[in-house]
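Visitor: I am new to protein structures. Could you show me how to read one, feature by feature?

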Amino acid sequence: MNRLILCPVFDRYVYKIPVFRRQNIVTFSQTRAYQNHPFLRNPRQKTSVVRSEHHTKQGFSTMASTAGLVIPCKAAVAWEAGKPLVIQQVEVAPPQAMEVRVKIKYTSLCHTDIYFWEAKGQKPLFPRIFGHEAAAIVESVGEGVEDLQVGDHVLPVFTGECGECAHCKSEESNMCDLLRINTERGVMLNDGKSRFSINGNPINHFLGTSTFSEYTVLHSGCLAKINPLAPLDKVCVLSCGISTGLGATLNVAKPKQGSSVAIFGLGAVGLAAAEGARISGASRIIGVDLNPKRFEEAKKFGVTEFVNPKDYDIPVQQVITEMTNGGVDRSVECTGNINAMMSAFECVHDGWGVAVLVGVPNKEAVFMTKPINLLNERTLKGTFFGNYKPRTDLPSVVDMYMNKKLEVEKFITHRIPFSEINKAFEYMLRGEGLRCIISMED
């Protein structure tokens, strides 16, 4: 017989239904309070519970469908710039046309979240649900979505791939016209409204992802369907920073076997770029950073030599040029510092050297170098998200991990439950670790 129990997630009484396979059950509220909730009740239709039964080797299990209904769940809401996130109940509306609602399983914190949470240098937009590195499972799909279905394992991505614009049709670009990153938009493209609310008041989205919520809604073009066997608590870090650095090396710099590569900045993105150089078979990987504490950690990612610009009285590009008899074959800049950008370009070898800029500077910043550096056949390139098309290419990055070519575990330095999400901010602000995995179910 079913028992009425207090649900710790929704903070209300629900019926507990015996099940044999935990992953096949969605607990669903069936009380009068739930049915009369103003965000969950359709005034023209009686509230109903839709169930489906299927037989398994272990026995029968019952699942309640939440498709088409508003879902109350926990989210970490940022109410003010720089203030701790508040975990509270929000209502997540169903997906509209070309949208998908997903259940976030694991998420992690990126410097981009920190930057906009602090609201430095841009127009603040609060209240807001941050988060954009995550792994999730599709809960329901909106009208017109054909390439995703309930139960698919996906990576939410801060940029998208509509498949129809000139950029999406080009083999050389991943900068989708429709779904390109937009830091100022806090609503969905379909109707200009938020899918999050608290007591009828909308809560702003972030980068079209908002993964610091148990459920979130995204445009279908911002979800990469991945191998269902991939461990979500590990591959969640591949939806932003790690893929950005990795792709900058593999897809843009393209170092050859036995070549030399300089990496400027040994944070998570820079170490991912170093990982790309290791995978490519570079014989010399030179790490450049002002923090000597990062050097020992960088050895795990294939870095063979280290340069701290503060240890020299001459420009670091000159140091590297002298170390490598004329310059490195490739360099990847991951700090966004203008001086580092100039050094990364001027340290590559004339004739064939390629420098790739990954770090994002202030939009008013100016990069200067002598034209002769270009005329001497050095190449300068920029990259966005490692030149990966989210839907087309990210599944192959996950497969690189599954095939033991890409080592993801060494990027993960902390794990915490969702209830302690503010600790992840503390770790990053103190410069401790690389990626902190936040489990939504612990």
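Visitor: In which sense do E5 and strand E6 pair, and over how many bridges?

Guide: This is a predicted model. Look for the bridges that link one strand to another. Here E5 and E6 (residues 86–92) pair in the antiparallel sense, over seven bridges. Within that pair, Ile-71 stands opposite Val-92 in E6.

Visitor: What is the order of the strands in the open sheet?

Guide: Read across the sheet, strand by strand. The order is E5-E6-E10-E11, four strands with antiparallel pairing. E5 (71–77) and E11 (201–203) stand at the edges; each has a single partner strand, so one side of each lacks a neighbour in the sheet. Neighbouring strands are turned by 50° against each other on average, direction ignored.

Visitor: How far apart are the end C-alpha atoms of helix H11?

Guide: Check a helix by its rise for each residue. H11 (residues 390–402) has 13 residues; at 1.5 Å a residue it should span 18 Å, and its end C-alpha atoms are 18 Å apart, which agrees. Just after H11, Lys-404 takes a positive phi of about 65°.

Visitor: Which elements do the buried residues of H11 pack against?

Guide: Find the buried residues, then their contacts. Among the buried ones in H11 are Leu-394, Val-397, Val-398 and Tyr-401. The buried residues of H11 pack against strands E9 and E13 and helices H4, H5 and H6.

Visitor: Where does pLDDT stay under 50?

Guide: Where pLDDT is low, the predicted coordinates should not be read in detail. In this chain, pLDDT stays under 50 over residues 1–64. The mean for the chain is 87, and 85% of its residues reach 70 or more.

Note on methods
Residues numbered from 1 in each chain as written. Predicted model: local features only at pLDDT ≥ 70, side-chain atom pairs only at ≥ 80, totals over all residues. Heavy atoms only, no water. Pairing = 2+ DSSP bridges. Helix = DSSP H or I, 4+ residues; strand = E, 2+ residues; numbered from the N terminus. Axes fitted to C-alpha atoms, helices over the stretch in contact; angles between N-to-C directions. Expected span 1.5 Å × (residues − 1). Buried < 20%, exposed > 50% of the residue type's maximum accessible area, 1.4 Å probe, protein only. Contact = heavy atoms within 4.5 Å. pLDDT = per-residue confidence, 0-100.
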